[in-house]
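Trainee: Let's zoom in on one part of this model: the places where its pieces touch. Please go slowly and give me the cut-offs.

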Number of protein chains: 2
Amino acid sequence: MQTLERSGGGMSERRRVRLRLEISREAARLFWEQGVAATSGDQIAEAVGLSTRTIWRHFRSKESCAEPIVLQAVVNLLTVLRSWPRQSSLEEHLAVELDRFRHEAPPVDLADEMLAMRMIRLADTEPALRTAWLMACDQAERAMRLIIADRLDRPADDLEVRMHAEAAAAVVRVLDEHIGATVLTGADLAELTGATAVARRYAHAIRTATGGVVGDPVA
Amino acid sequence: MQTLERSGGGMSERRRVRLRLEISREAARLFWEQGVAATSGDQIAEAVGLSTRTIWRHFRSKESCAEPIVLQAVVNLLTVLRSWPRQSSLEEHLAVELDRFRHEAPPVDLADEMLAMRMIRLADTEPALRTAWLMACDQAERAMRLIIADRLDRPADDLEVRMHAEAAAAVVRVLDEHIGATVLTGADLAELTGATAVARRYAHAIRTATGGVVGDPVA
DNA sequence: GCATAATGCGTCACTTAGTGACATGCTGTC
DNA sequence: GACAGCATGTCACTAAGTGACGCATTATGC
(Lines give C-alpha, C1' and ligand atoms only; values in the text may rest on other atoms or scores of the structure.)
Protein backbone atom coordinates (compact mmCIF):
# COMPACT_ATOMS: atom_id res chain seq x y z
CA MET A 1 0.00 0.00 0.00
CA GLN A 2 2.66 2.47 0.99
CA THR A 3 5.61 0.91 -0.74
CA LEU A 4 6.05 4.16 -2.62
CA GLU A 5 6.77 5.95 0.60
CA ARG A 6 9.81 3.84 1.21
CA SER A 7 12.78 6.07 0.65
CA GLY A 8 15.65 5.92 3.05
CA GLY A 9 15.40 5.81 6.80
CA GLY A 10 12.41 8.12 7.28
CA MET A 11 9.87 5.68 5.99
CA SER A 12 7.11 5.81 8.57
CA GLU A 13 7.16 9.57 8.79
CA ARG A 14 4.96 10.15 5.77
CA ARG A 15 2.55 7.46 6.83
CA ARG A 16 2.29 9.07 10.21
CA VAL A 17 1.47 12.43 8.69
CA ARG A 18 -1.15 10.95 6.41
CA LEU A 19 -2.78 9.05 9.23
CA ARG A 20 -2.82 12.10 11.45
CA LEU A 21 -4.50 14.03 8.69
CA GLU A 22 -7.04 11.28 8.24
CA ILE A 23 -7.90 11.30 11.93
CA SER A 24 -7.96 15.07 11.87
CA ARG A 25 -10.54 15.10 9.10
CA GLU A 26 -12.96 12.92 11.01
CA ALA A 27 -12.37 14.78 14.24
CA ALA A 28 -12.96 18.13 12.58
CA ARG A 29 -16.13 16.88 10.97
CA LEU A 30 -17.46 15.65 14.30
CA PHE A 31 -16.40 18.81 16.11
CA TRP A 32 -18.29 20.86 13.58
CA GLU A 33 -21.38 18.68 13.56
CA GLN A 34 -21.87 18.23 17.28
CA GLY A 35 -19.39 20.44 19.08
CA VAL A 36 -16.10 19.64 20.73
CA ALA A 37 -17.40 18.79 24.18
CA ALA A 38 -20.01 16.43 22.78
CA THR A 39 -17.42 14.55 20.74
CA SER A 40 -15.62 11.80 22.60
CA GLY A 41 -12.34 10.15 21.80
CA ASP A 42 -14.23 6.92 21.26
CA GLN A 43 -16.39 8.55 18.63
CA ILE A 44 -13.39 9.85 16.71
CA ALA A 45 -11.77 6.44 16.90
CA GLU A 46 -14.88 4.75 15.61
CA ALA A 47 -15.33 7.27 12.81
CA VAL A 48 -11.84 6.68 11.52
CA GLY A 49 -11.92 2.95 12.19
CA LEU A 50 -9.21 2.69 14.80
CA SER A 51 -9.12 1.88 18.48
CA THR A 52 -9.29 4.73 20.93
CA ARG A 53 -5.86 3.88 22.23
CA THR A 54 -4.37 4.44 18.82
CA ILE A 55 -5.90 7.89 18.62
CA TRP A 56 -4.06 8.88 21.79
CA ARG A 57 -0.91 7.44 20.33
CA HIS A 58 -1.09 9.95 17.52
CA PHE A 59 -2.52 12.94 19.37
CA ARG A 60 -1.73 14.16 22.84
CA SER A 61 -5.25 15.50 23.38
CA LYS A 62 -8.69 15.60 21.89
CA GLU A 63 -8.47 19.18 20.69
CA SER A 64 -5.09 18.65 19.11
CA CYS A 65 -6.82 16.29 16.70
CA ALA A 66 -7.88 19.42 14.88
CA GLU A 67 -4.35 20.69 14.45
CA PRO A 68 -3.28 19.02 11.19
CA ILE A 69 -6.34 20.16 9.30
CA VAL A 70 -5.97 23.67 10.66
CA LEU A 71 -2.29 23.72 9.89
CA GLN A 72 -3.07 23.05 6.26
CA ALA A 73 -4.84 26.37 6.14
CA VAL A 74 -1.62 28.26 6.70
CA VAL A 75 0.79 25.91 5.02
CA ASN A 76 -0.32 27.14 1.64
CA LEU A 77 0.76 30.74 2.04
CA LEU A 78 3.86 29.61 3.82
CA THR A 79 5.18 27.48 0.98
CA VAL A 80 4.51 30.35 -1.36
CA LEU A 81 6.48 32.69 0.86
CA ARG A 82 9.34 30.25 1.13
CA SER A 83 9.88 30.40 -2.61
CA TRP A 84 9.95 34.19 -2.65
CA PRO A 85 12.94 35.18 -4.78
CA ARG A 86 14.99 38.09 -3.52
CA GLN A 87 14.64 40.14 -6.65
CA SER A 88 10.86 40.37 -6.73
CA SER A 89 8.49 42.34 -4.60
CA LEU A 90 6.00 40.70 -2.31
CA GLU A 91 3.07 41.83 -4.43
CA GLU A 92 4.54 40.41 -7.63
CA HIS A 93 5.50 37.12 -6.12
CA LEU A 94 2.19 36.50 -4.39
CA ALA A 95 0.20 37.46 -7.48
CA VAL A 96 2.19 35.09 -9.69
CA GLU A 97 2.09 32.18 -7.29
CA LEU A 98 -1.53 32.47 -6.28
CA ASP A 99 -2.46 32.72 -9.92
CA ARG A 100 -0.51 29.57 -10.68
CA PHE A 101 -2.73 27.66 -8.27
CA ARG A 102 -5.70 28.66 -10.32
CA HIS A 103 -4.61 26.68 -13.38
CA GLU A 104 -2.15 24.22 -12.08
CA ALA A 105 -1.84 22.53 -8.72
CA PRO A 106 -4.60 22.61 -6.15
CA PRO A 107 -2.38 23.13 -3.10
CA VAL A 108 -4.61 21.42 -0.59
CA ASP A 109 -7.93 19.70 -1.08
CA LEU A 110 -10.86 22.09 -1.16
CA ALA A 111 -12.86 20.00 1.30
CA ASP A 112 -9.94 20.20 3.70
CA GLU A 113 -9.82 23.95 3.35
CA MET A 114 -13.50 24.17 4.18
CA LEU A 115 -12.98 22.00 7.22
CA ALA A 116 -10.11 24.22 8.31
CA MET A 117 -12.22 27.34 7.96
CA ARG A 118 -14.90 25.72 10.05
CA MET A 119 -12.41 24.90 12.75
CA ILE A 120 -11.11 28.45 12.74
CA ARG A 121 -14.66 29.61 13.04
CA LEU A 122 -15.33 27.20 15.89
CA ALA A 123 -12.19 28.45 17.58
CA ASP A 124 -14.03 31.68 18.16
CA THR A 125 -16.36 30.09 20.65
CA GLU A 126 -14.55 26.93 21.68
CA PRO A 127 -11.46 27.83 23.69
CA ALA A 128 -10.15 24.31 23.32
CA LEU A 129 -9.99 24.72 19.56
CA ARG A 130 -8.58 28.20 19.80
CA THR A 131 -5.42 26.54 21.03
CA ALA A 132 -5.12 24.48 17.88
CA TRP A 133 -5.51 27.57 15.75
CA LEU A 134 -3.02 29.56 17.76
CA MET A 135 -0.58 26.65 17.59
CA ALA A 136 -0.88 26.60 13.84
CA CYS A 137 -0.22 30.32 13.76
CA ASP A 138 2.74 29.72 16.00
CA GLN A 139 4.14 27.36 13.39
CA ALA A 140 3.48 29.97 10.76
CA GLU A 141 5.35 32.53 12.77
CA ARG A 142 8.36 30.25 13.05
CA ALA A 143 8.46 29.80 9.30
CA MET A 144 7.93 33.51 8.81
CA ARG A 145 10.91 34.19 11.01
CA LEU A 146 13.20 32.20 8.76
CA ILE A 147 11.91 33.88 5.64
CA ILE A 148 12.28 37.36 7.04
CA ALA A 149 15.68 36.62 8.53
CA ASP A 150 16.85 35.53 5.12
CA ARG A 151 15.40 38.62 3.48
CA LEU A 152 17.03 41.00 5.90
CA ASP A 153 20.30 39.10 6.10
CA ARG A 154 19.99 38.80 9.84
CA PRO A 155 19.97 35.91 12.28
CA ALA A 156 16.60 34.27 12.85
CA ASP A 157 16.67 34.88 16.58
CA ASP A 158 17.24 38.60 16.16
CA LEU A 159 14.73 40.60 18.15
CA GLU A 160 13.73 42.79 15.22
CA VAL A 161 13.27 39.78 13.01
CA ARG A 162 11.08 38.14 15.61
CA MET A 163 8.92 41.22 15.94
CA HIS A 164 8.48 41.56 12.21
CA ALA A 165 7.66 37.87 11.94
CA GLU A 166 5.11 37.95 14.75
CA ALA A 167 3.49 41.04 13.36
CA ALA A 168 3.33 39.56 9.88
CA ALA A 169 1.93 36.30 11.20
CA ALA A 170 -0.63 38.25 13.19
CA VAL A 171 -2.04 40.15 10.25
CA VAL A 172 -2.10 37.02 8.14
CA ARG A 173 -4.07 35.40 10.93
CA VAL A 174 -6.59 38.22 10.91
CA LEU A 175 -6.94 38.04 7.15
CA ASP A 176 -7.36 34.27 7.27
CA GLU A 177 -10.01 34.53 9.96
CA HIS A 178 -11.77 37.22 7.99
CA ILE A 179 -11.68 35.35 4.73
CA GLY A 180 -12.73 32.15 6.44
CA ALA A 181 -15.70 33.83 8.05
CA THR A 182 -16.65 35.42 4.75
CA VAL A 183 -16.50 32.16 2.87
CA LEU A 184 -18.53 30.36 5.51
CA THR A 185 -21.34 32.88 5.48
CA GLY A 186 -21.44 32.36 1.75
CA ALA A 187 -22.19 35.96 1.02
CA ASP A 188 -19.87 38.54 -0.36
CA LEU A 189 -17.52 36.24 -2.20
CA ALA A 190 -16.96 38.99 -4.70
CA GLU A 191 -14.38 40.70 -2.56
CA LEU A 192 -12.02 37.79 -2.75
CA THR A 193 -12.30 36.82 -6.36
CA GLY A 194 -9.19 37.39 -8.34
CA ALA A 195 -5.80 36.14 -7.26
CA THR A 196 -4.20 39.53 -7.70
CA ALA A 197 -6.69 41.19 -5.39
CA VAL A 198 -6.03 38.63 -2.67
CA ALA A 199 -2.30 38.87 -3.28
CA ARG A 200 -2.45 42.61 -2.91
CA ARG A 201 -4.27 42.38 0.38
CA TYR A 202 -1.83 39.95 1.93
CA ALA A 203 1.13 41.84 0.60
CA HIS A 204 -0.14 45.17 1.83
CA ALA A 205 -0.92 43.75 5.25
CA ILE A 206 2.53 42.22 5.68
CA ARG A 207 4.24 45.30 4.37
CA THR A 208 2.36 47.52 6.78
CA ALA A 209 2.83 45.24 9.78
CA THR A 210 6.57 45.21 9.28
CA GLY A 211 6.78 48.93 8.90
CA GLY A 212 7.62 48.57 5.22
CA VAL A 213 10.75 46.60 5.94
CA VAL A 214 9.47 43.40 4.36
CA GLY A 215 8.05 43.66 0.88
CA ASP A 216 10.55 45.18 -1.47
CA PRO A 217 13.07 43.29 -3.55
CA VAL A 218 16.49 43.02 -1.98
CA ALA A 219 19.92 43.01 -3.56
CA MET B 1 -12.76 39.91 56.24
CA GLN B 2 -13.93 41.27 52.93
CA THR B 3 -16.46 43.81 54.17
CA LEU B 4 -14.47 46.46 52.37
CA GLU B 5 -15.18 44.86 49.05
CA ARG B 6 -18.87 45.52 49.40
CA SER B 7 -19.81 48.16 46.86
CA GLY B 8 -22.97 47.81 44.88
CA GLY B 9 -24.32 44.74 43.22
CA GLY B 10 -21.05 43.31 41.93
CA MET B 11 -19.81 42.28 45.31
CA SER B 12 -18.63 38.74 44.79
CA GLU B 13 -16.85 39.65 41.61
CA ARG B 14 -13.84 41.16 43.33
CA ARG B 15 -13.63 38.30 45.77
CA ARG B 16 -13.69 35.87 42.90
CA VAL B 17 -10.85 37.68 41.19
CA ARG B 18 -8.77 37.77 44.34
CA LEU B 19 -9.34 34.12 45.03
CA ARG B 20 -8.48 33.18 41.48
CA LEU B 21 -5.28 35.15 41.79
CA GLU B 22 -4.47 33.42 45.07
CA ILE B 23 -4.95 30.01 43.51
CA SER B 24 -2.97 31.11 40.49
CA ARG B 25 -0.01 32.07 42.64
CA GLU B 26 0.23 28.67 44.24
CA ALA B 27 -0.33 26.88 40.96
CA ALA B 28 2.35 28.92 39.23
CA ARG B 29 4.78 28.26 42.03
CA LEU B 30 4.17 24.53 41.82
CA PHE B 31 4.33 24.51 38.03
CA TRP B 32 7.68 26.23 38.20
CA GLU B 33 9.09 24.05 40.94
CA GLN B 34 8.08 20.65 39.66
CA GLY B 35 6.62 21.08 36.20
CA VAL B 36 3.04 21.17 35.00
CA ALA B 37 2.56 17.47 34.43
CA ALA B 38 3.91 16.60 37.86
CA THR B 39 1.52 18.99 39.56
CA SER B 40 -1.92 17.60 40.32
CA GLY B 41 -5.13 19.43 41.02
CA ASP B 42 -5.08 17.98 44.50
CA GLN B 43 -1.68 19.49 45.14
CA ILE B 44 -2.82 22.94 44.09
CA ALA B 45 -5.89 22.62 46.26
CA GLU B 46 -3.84 21.60 49.26
CA ALA B 47 -1.31 24.37 48.72
CA VAL B 48 -4.00 27.03 48.71
CA GLY B 49 -6.02 25.35 51.45
CA LEU B 50 -9.17 24.56 49.52
CA SER B 51 -10.86 21.41 48.38
CA THR B 52 -10.07 20.13 44.92
CA ARG B 53 -13.66 20.55 43.90
CA THR B 54 -13.46 24.25 44.63
CA ILE B 55 -10.44 24.61 42.39
CA TRP B 56 -12.44 23.26 39.48
CA ARG B 57 -15.22 25.62 40.36
CA HIS B 58 -12.89 28.53 39.74
CA PHE B 59 -10.85 27.16 36.87
CA ARG B 60 -11.95 25.09 33.93
CA SER B 61 -8.64 23.25 33.68
CA LYS B 62 -5.33 22.77 35.43
CA GLU B 63 -3.33 24.87 33.03
CA SER B 64 -5.81 27.71 33.14
CA CYS B 65 -4.84 28.11 36.80
CA ALA B 66 -1.83 29.99 35.47
CA GLU B 67 -3.89 32.49 33.53
CA PRO B 68 -4.56 35.18 36.15
CA ILE B 69 -0.93 35.51 37.11
CA VAL B 70 0.10 35.62 33.47
CA LEU B 71 -2.61 38.09 32.65
CA GLN B 72 -1.17 40.47 35.21
CA ALA B 73 1.94 40.67 33.11
CA VAL B 74 0.10 42.37 30.29
CA VAL B 75 -2.50 44.25 32.27
CA ASN B 76 0.07 46.80 33.28
CA LEU B 77 0.85 48.08 29.82
CA LEU B 78 -2.78 47.83 28.91
CA THR B 79 -4.03 50.15 31.63
CA VAL B 80 -1.34 52.57 30.63
CA LEU B 81 -2.47 52.46 27.03
CA ARG B 82 -6.08 52.92 27.98
CA SER B 83 -5.28 56.26 29.54
CA TRP B 84 -3.44 57.47 26.46
CA PRO B 85 -4.72 61.00 25.77
CA ARG B 86 -5.32 61.85 22.15
CA GLN B 87 -3.04 64.86 22.13
CA SER B 88 0.16 63.12 23.16
CA SER B 89 2.41 60.80 21.22
CA LEU B 90 2.90 57.21 22.23
CA GLU B 91 6.49 57.82 23.26
CA GLU B 92 5.59 60.71 25.53
CA HIS B 93 2.71 58.96 27.16
CA LEU B 94 4.54 55.73 27.85
CA ALA B 95 7.57 57.54 29.20
CA VAL B 96 5.49 59.60 31.59
CA GLU B 97 3.38 56.72 32.81
CA LEU B 98 6.15 54.20 33.21
CA ASP B 99 8.15 56.77 35.07
CA ARG B 100 5.24 57.39 37.40
CA PHE B 101 5.36 53.76 38.45
CA ARG B 102 8.91 54.24 39.58
CA HIS B 103 8.00 56.68 42.34
CA GLU B 104 4.40 56.10 42.93
CA ALA B 105 2.26 53.03 42.59
CA PRO B 106 3.74 49.59 42.13
CA PRO B 107 1.24 48.40 39.52
CA VAL B 108 1.41 44.73 40.40
CA ASP B 109 3.41 42.97 43.06
CA LEU B 110 6.99 42.29 42.07
CA ALA B 111 6.79 38.67 43.19
CA ASP B 112 3.79 38.24 40.94
CA GLU B 113 5.67 39.69 38.02
CA MET B 114 8.48 37.24 38.59
CA LEU B 115 6.02 34.40 38.69
CA ALA B 116 4.46 35.61 35.47
CA MET B 117 7.82 35.75 33.75
CA ARG B 118 8.51 32.22 34.89
CA MET B 119 5.23 31.05 33.46
CA ILE B 120 5.96 32.76 30.16
CA ARG B 121 9.30 31.08 30.19
CA LEU B 122 7.74 27.71 30.96
CA ALA B 123 5.30 28.28 28.14
CA ASP B 124 8.21 27.85 25.79
CA THR B 125 8.54 24.19 26.60
CA GLU B 126 5.15 23.32 28.11
CA PRO B 127 2.48 23.51 25.42
CA ALA B 128 -0.21 23.42 28.08
CA LEU B 129 1.05 26.68 29.51
CA ARG B 130 1.55 28.23 26.13
CA THR B 131 -2.19 28.32 25.89
CA ALA B 132 -2.47 30.43 29.02
CA TRP B 133 0.05 32.87 27.66
CA LEU B 134 -1.60 33.06 24.28
CA MET B 135 -4.96 33.56 25.96
CA ALA B 136 -3.55 36.46 27.94
CA CYS B 137 -2.21 37.95 24.73
CA ASP B 138 -5.60 37.42 23.21
CA GLN B 139 -7.11 39.52 25.97
CA ALA B 140 -4.44 42.11 25.33
CA GLU B 141 -5.33 42.19 21.69
CA ARG B 142 -8.98 42.77 22.47
CA ALA B 143 -8.13 45.74 24.64
CA MET B 144 -5.71 46.98 22.03
CA ARG B 145 -8.47 46.86 19.47
CA LEU B 146 -10.63 49.25 21.47
CA ILE B 147 -7.77 51.64 22.05
CA ILE B 148 -6.77 51.73 18.40
CA ALA B 149 -10.35 51.98 17.22
CA ASP B 150 -10.79 55.02 19.41
CA ARG B 151 -7.56 56.54 18.17
CA LEU B 152 -8.44 56.10 14.53
CA ASP B 153 -12.10 56.99 14.93
CA ARG B 154 -13.15 53.72 13.43
CA PRO B 155 -15.34 50.85 14.62
CA ALA B 156 -13.60 48.21 16.71
CA ASP B 157 -14.51 45.40 14.36
CA ASP B 158 -13.00 47.14 11.36
CA LEU B 159 -10.57 44.89 9.53
CA GLU B 160 -7.76 47.43 9.51
CA VAL B 161 -8.20 48.10 13.19
CA ARG B 162 -8.04 44.41 13.93
CA MET B 163 -4.87 43.98 11.93
CA HIS B 164 -3.19 46.90 13.64
CA ALA B 165 -4.28 45.60 17.02
CA GLU B 166 -3.04 42.09 16.38
CA ALA B 167 0.24 43.33 15.05
CA ALA B 168 0.72 45.64 18.02
CA ALA B 169 -0.19 42.88 20.45
CA ALA B 170 2.24 40.57 18.69
CA VAL B 171 5.24 42.83 19.03
CA VAL B 172 4.38 43.58 22.62
CA ARG B 173 4.31 39.85 23.18
CA VAL B 174 7.76 39.46 21.68
CA LEU B 175 9.12 42.27 23.78
CA ASP B 176 7.56 40.84 26.92
CA GLU B 177 8.99 37.42 26.22
CA HIS B 178 12.36 38.94 25.54
CA ILE B 179 12.38 41.07 28.66
CA GLY B 180 11.11 38.20 30.74
CA ALA B 181 13.84 35.90 29.49
CA THR B 182 16.44 38.57 30.11
CA VAL B 183 15.28 39.19 33.65
CA LEU B 184 15.21 35.49 34.44
CA THR B 185 18.74 34.86 33.29
CA GLY B 186 19.73 37.66 35.57
CA ALA B 187 22.35 39.00 33.23
CA ASP B 188 22.18 42.04 31.08
CA LEU B 189 19.72 44.03 33.11
CA ALA B 190 21.41 47.18 31.93
CA GLU B 191 19.53 47.23 28.67
CA LEU B 192 16.23 47.69 30.40
CA THR B 193 17.09 50.20 33.04
CA GLY B 194 15.45 53.52 32.59
CA ALA B 195 11.78 53.98 32.05
CA THR B 196 12.27 56.17 29.00
CA ALA B 197 14.39 53.56 27.27
CA VAL B 198 11.74 50.89 27.81
CA ALA B 199 9.03 53.30 26.77
CA ARG B 200 10.88 54.07 23.60
CA ARG B 201 11.24 50.42 22.73
CA TYR B 202 7.58 49.64 23.19
CA ALA B 203 6.51 52.77 21.40
CA HIS B 204 8.81 52.14 18.47
CA ALA B 205 7.68 48.55 18.19
CA ILE B 206 3.99 49.44 18.16
CA ARG B 207 4.54 52.31 15.77
CA THR B 208 6.41 50.07 13.35
CA ALA B 209 3.98 47.18 13.59
CA THR B 210 1.08 49.43 12.70
CA GLY B 211 2.88 50.95 9.79
CA GLY B 212 3.16 54.25 11.64
CA VAL B 213 -0.58 54.64 11.89
CA VAL B 214 -0.65 54.32 15.67
CA GLY B 215 1.72 56.52 17.61
CA ASP B 216 1.18 60.15 16.75
CA PRO B 217 -1.17 62.51 18.52
CA VAL B 218 -4.57 62.84 16.91
CA ALA B 219 -6.82 65.81 16.64
C1' DG C 1 -32.34 39.87 67.31
C1' DC C 2 -34.08 36.10 64.63
C1' DA C 3 -36.01 33.55 60.56
C1' DT C 4 -35.00 32.94 55.77
C1' DA C 5 -32.88 32.93 51.35
C1' DA C 6 -28.65 32.91 48.85
C1' DT C 7 -24.32 31.64 48.08
C1' DG C 8 -19.79 29.36 48.70
C1' DC C 9 -17.66 25.28 49.96
C1' DG C 10 -16.86 20.21 51.12
C1' DT C 11 -17.92 15.29 50.16
C1' DC C 12 -18.87 11.57 47.32
C1' DA C 13 -20.03 9.27 43.27
C1' DC C 14 -19.29 9.35 38.48
C1' DT C 15 -17.62 10.22 33.52
C1' DT C 16 -14.01 10.62 30.42
C1' DA C 17 -9.38 11.99 28.76
C1' DG C 18 -5.11 9.99 28.60
C1' DT C 19 -1.14 6.40 29.93
C1' DG C 20 1.38 1.90 30.80
C1' DA C 21 1.97 -2.85 30.03
C1' DC C 22 1.44 -6.65 27.43
C1' DA C 23 -0.43 -9.49 23.61
C1' DT C 24 -1.16 -9.88 18.69
C1' DG C 25 -0.78 -9.40 13.94
C1' DC C 26 1.23 -7.45 9.81
C1' DT C 27 5.42 -6.23 6.93
C1' DG C 28 9.65 -6.71 5.22
C1' DT C 29 14.34 -9.34 5.78
C1' DC C 30 17.54 -13.23 5.70
C1' DG D 1 9.83 -20.27 6.56
C1' DA D 2 11.87 -18.33 10.98
C1' DC D 3 12.52 -13.78 12.76
C1' DA D 4 12.86 -8.76 13.91
C1' DG D 5 10.31 -4.55 14.18
C1' DC D 6 6.57 -1.79 14.48
C1' DA D 7 1.75 -0.38 14.57
C1' DT D 8 -2.25 -1.61 16.65
C1' DG D 9 -5.73 -3.74 19.99
C1' DT D 10 -7.02 -4.93 24.87
C1' DC D 11 -7.23 -4.15 29.62
C1' DA D 12 -6.28 -2.01 33.79
C1' DC D 13 -5.26 2.23 35.80
C1' DT D 14 -4.51 7.45 37.00
C1' DA D 15 -6.09 11.92 37.00
C1' DA D 16 -8.95 15.74 35.21
C1' DG D 17 -13.25 17.49 35.61
C1' DT D 18 -18.69 17.36 36.61
C1' DG D 19 -23.23 16.67 39.12
C1' DA D 20 -25.81 16.25 43.13
C1' DC D 21 -26.48 17.01 47.73
C1' DG D 22 -25.70 18.76 52.37
C1' DC D 23 -23.69 22.07 55.45
C1' DA D 24 -22.10 26.49 57.02
C1' DT D 25 -21.55 31.29 56.59
C1' DT D 26 -23.45 35.50 55.27
C1' DA D 27 -26.84 39.01 53.64
C1' DT D 28 -31.73 40.51 53.91
C1' DG D 29 -36.47 41.24 55.75
C1' DC D 30 -39.07 42.02 59.71
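**Where the pieces meet**

Mentor: Between them, chain A and chain B bury about 2200 Å², and 68% of that is on carbon and sulfur atoms; buried area is the accessible area (1.4 Å probe) that two parts lose on being put together, summed over both. Three residues, Leu159(A), Met163(A) and Val174(A), supply 23% of the area that chain A buries against chain B, more than any other three. In contact terms (heavy atoms within 4.5 Å), 25 residues of chain A meet 25 residues of chain B.

Keep in mind that this is a predicted model: local features need pLDDT of at least 70, side-chain atom pairs count only at pLDDT 80 or more, and totals for chains, interfaces and linings use all residues. Residues are numbered from 1 along each chain as its sequence is written, chains are lettered from A and ligands numbered from 1 in the order written, and side-chain values use heavy atoms, with hydrogens and water left out.

Now the DNA. Around strand C sit 18 residues, of which Arg53(A), Lys62(A), Ser51(B), Thr54(B) and Arg57(B) come nearest; "near" asks for a heavy atom within 4 Å. Of the strand C atoms within 4 Å of the protein, 55% belong to sugar or phosphate, the rest to bases. Polar contacts here are N or O pairs within 3.5 Å. A polar backbone atom of Lys62(A) lies 2.6 Å from a strand C phosphate oxygen, and one of Gly41(A) lies 3.4 Å from a phosphate oxygen. From chain B, a side-chain N or O atom of His58(B) is 3.1 Å from a phosphate oxygen of strand C. H3(B) gives the most to this surface, with four residues; helices are DSSP runs (H or I) of at least four residues, numbered from the N terminus.

Over at strand D, 18 residues surround the DNA, and the closest are Ser51(A), Thr54(A), Arg57(A), His58(A) and Lys62(B). Sugar and phosphate make up 54% of the strand D atoms within 4 Å of the protein. His58(A) has a side-chain N or O atom 2.8 Å from a phosphate oxygen of strand D, while a polar backbone atom of Lys62(B) is 2.5 Å from a phosphate oxygen. Arg53(B) goes for a base: a side-chain N or O atom sits 3.0 Å from a base oxygen of strand D. The largest share of this surface, four residues, comes from H3(A).

Note on methods:
A polar contact is a pair of N or O atoms within 3.5 Å; within protein, one must be able to donate a hydrogen and the other to accept it, and residues adjacent in sequence count only if both atoms are side-chain atoms. Helices (H or I, at least four residues) and strands (E, at least two) are DSSP runs, numbered from the N terminus.
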